[in-house]
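Trainee: I keep running into labels such as "buried" and "core", and I'd like to see how they are earned. Can we go through some together?

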Amino acid sequence: MGGKGMSTCMSWVFFSPWISTPSLRYTKRAGLLVRMAGSVNRAPAILVTNDDGIESKALRELAKGLQARVGSLYKVVIVAPGRNQSACSMKLTIGSPLKLHTLVDREQYVLEDGTPADCVVAALEPEHGILHRLGLDPVMVVSGINLGPNVGSDVVYSGTFAGARQSNVFGLPGLAASIADYDLDDEAISHAVEATVELVVEGALPILAASTNHGRFDQERRWFHQQGWKCESREKARQALREGFAEGDIVVNLNIPRRWSTRKFRSTRLGAIFYRNVVVREQGHKDVTITIGGPQSFTVEDWRGWSDDTDVAAVRAGYASVTTLNAWPETHPLQLPASVIQYVMEEEPTGSPGYPFWMGR
């Protein structure tokens, strides 16, 4: 796997993926507040990863798009798997060394045989992590752009979604982006990059600029997790969702249609889809082989009558679907309460780009 400026391999072994960073301050540049580390003046950085691997054109175009929009404010760094790791979910490679290669002047890194979750841990870990060693302060993770949809139950298996969700373990926000189609071309990638960069720059980064996120857990600042707290108004829900995103308690799942004809977004819930006929059985001379998924055809069972406000329905109508999800499982103490989550479907007023209302300015 050649590349400009490739360095000697390093070995990586994972233990506990935890983070603790110095207190932070903010500086104002180009009209945006940009987070800076207080004691060491670290430059802020956006981490980009994926599950399709370092060779994915969509990954590289996404990084270029972010660099073009906010490169003067944030360092954009890629840390991606060396090969396709689709459907690996949040798998971590525990105790086995993974080789790390450096590409393109220390702005792109390849973790051979690593998963998206491995890549995020390798990048964000506070002492030996890639960004720490570069003198950078991570502010969020953008995972994608996936070459195929991640709608409905796909998020359970998706390595792309897992890359975004792994950032939440470090108290940082994550956004996963996917092209909601298997018929891909350069125009589809271009539309997906446009939508993803817009949502990151116009929706996510202004929230982070106004937050006090330290990249670690701080119980005192999590007022919306206090026992017995009830959300009594839309404005309180908006505040809790914005702070929850900045703290890594919710994760955003973006799906862009192949042809983003509307140039609009829509707030959605997960759709109900099920993949059938995914197993291919082959009888050999001695053994039977089973292949799950892959290039063979399969059928999709879609409960179309379930709801018209799902991610599946939105992309069919030409909208980029934005699904806001709890990062933590049921009963976890950091899960946002239902009284807050009930507001995630609300959008900005008619005529706006259609971001979720909690992302609006």
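Mentor: Sure. Start with a cut-off: a residue is called buried when its relative accessible area is under 20%. And keep in mind that this is a predicted model.

Trainee: Then what makes N255 count as buried?

Mentor: Its relative accessibility is 0%. Buried needs a value under 20%, so N255 counts as buried. You'll find N255 in strand β10, and among the residues it touches are P149, N150, V315 and Y319.

Trainee: What makes the pair N255 and N150 a polar contact?

Mentor: A polar atom in the side chain of N255 lies 2.8 Å from the backbone oxygen of N150. The cut-off for such a pair is 3.5 Å, and 2.8 Å is within that.

Trainee: How do you know that C88 and C119 don't form a disulfide?

Mentor: Their sulfurs are 9.2 Å apart, too far for a bond. A disulfide needs the two sulfurs within 2.5 Å. For each of these two cysteines, the other one holds the closest cysteine sulfur, and the structure has zero disulfides.

Trainee: Are those two cysteines buried or exposed?

Mentor: Buried: C88 has a relative accessible area of 15%, and C119 is at 0%. Both values are under the 20% cut-off.

Trainee: C119 is in helix α2, right? Why is that helix called largely enclosed?

Mentor: Nine of its nine residues are buried, so the rest of the structure largely encloses α2. Besides C119, the buried ones include P116, D118 and L124.

Trainee: On to E198 in helix α6. How do you know that E198 has no salt bridge?

Mentor: The nearest side chain of opposite charge belongs to R69, and that is 6.6 Å away. A salt bridge has to be within 4 Å, so R69 misses the cut-off. E198 is buried all the same, and its side chain makes a polar contact with the side chain of Y355 at 2.7 Å.

Trainee: Which residues have the most contacts inside the largest nonpolar core?

Mentor: They are I46, M140, L199, L241, F245, F265 and W358, in a core of 59 residues. Helix α6 gives the most to this core, with 13 residues. Another core, of 20 residues, lies apart from it, and L47 and L111 are among its members.

Trainee: And what links F265 back to E198?

Mentor: They touch, and F265 also touches L199, W260 and Y355, among others.

Key. Residues are numbered from 1 along each chain as its sequence is written. This is a predicted model: local features need pLDDT of at least 70, side-chain atom pairs count only at pLDDT 80 or more; totals for chains, interfaces and linings use all residues. Side-chain values use heavy atoms; hydrogens and water are left out. Helices (H or I, at least four residues) and strands (E, at least two) are DSSP runs, numbered from the N terminus. Buried means under 20% relative accessible area, exposed over 50%, partly exposed in between (1.4 Å probe, protein chains only). Lys and Arg count as positive and Asp and Glu as negative; His and the chain ends are not counted. A polar contact is a pair of N or O atoms within 3.5 Å; within protein, one must be able to donate a hydrogen and the other to accept it, and residues adjacent in sequence count only if both atoms are side-chain atoms. A nonpolar core is a set of buried Ala, Val, Leu, Ile, Met, Phe, Trp, Tyr and Cys residues joined through side-chain atoms within 4.5 Å. Contact means heavy atoms within 4.5 Å. Lists of a residue's contacts leave out its neighbours within four places in sequence.
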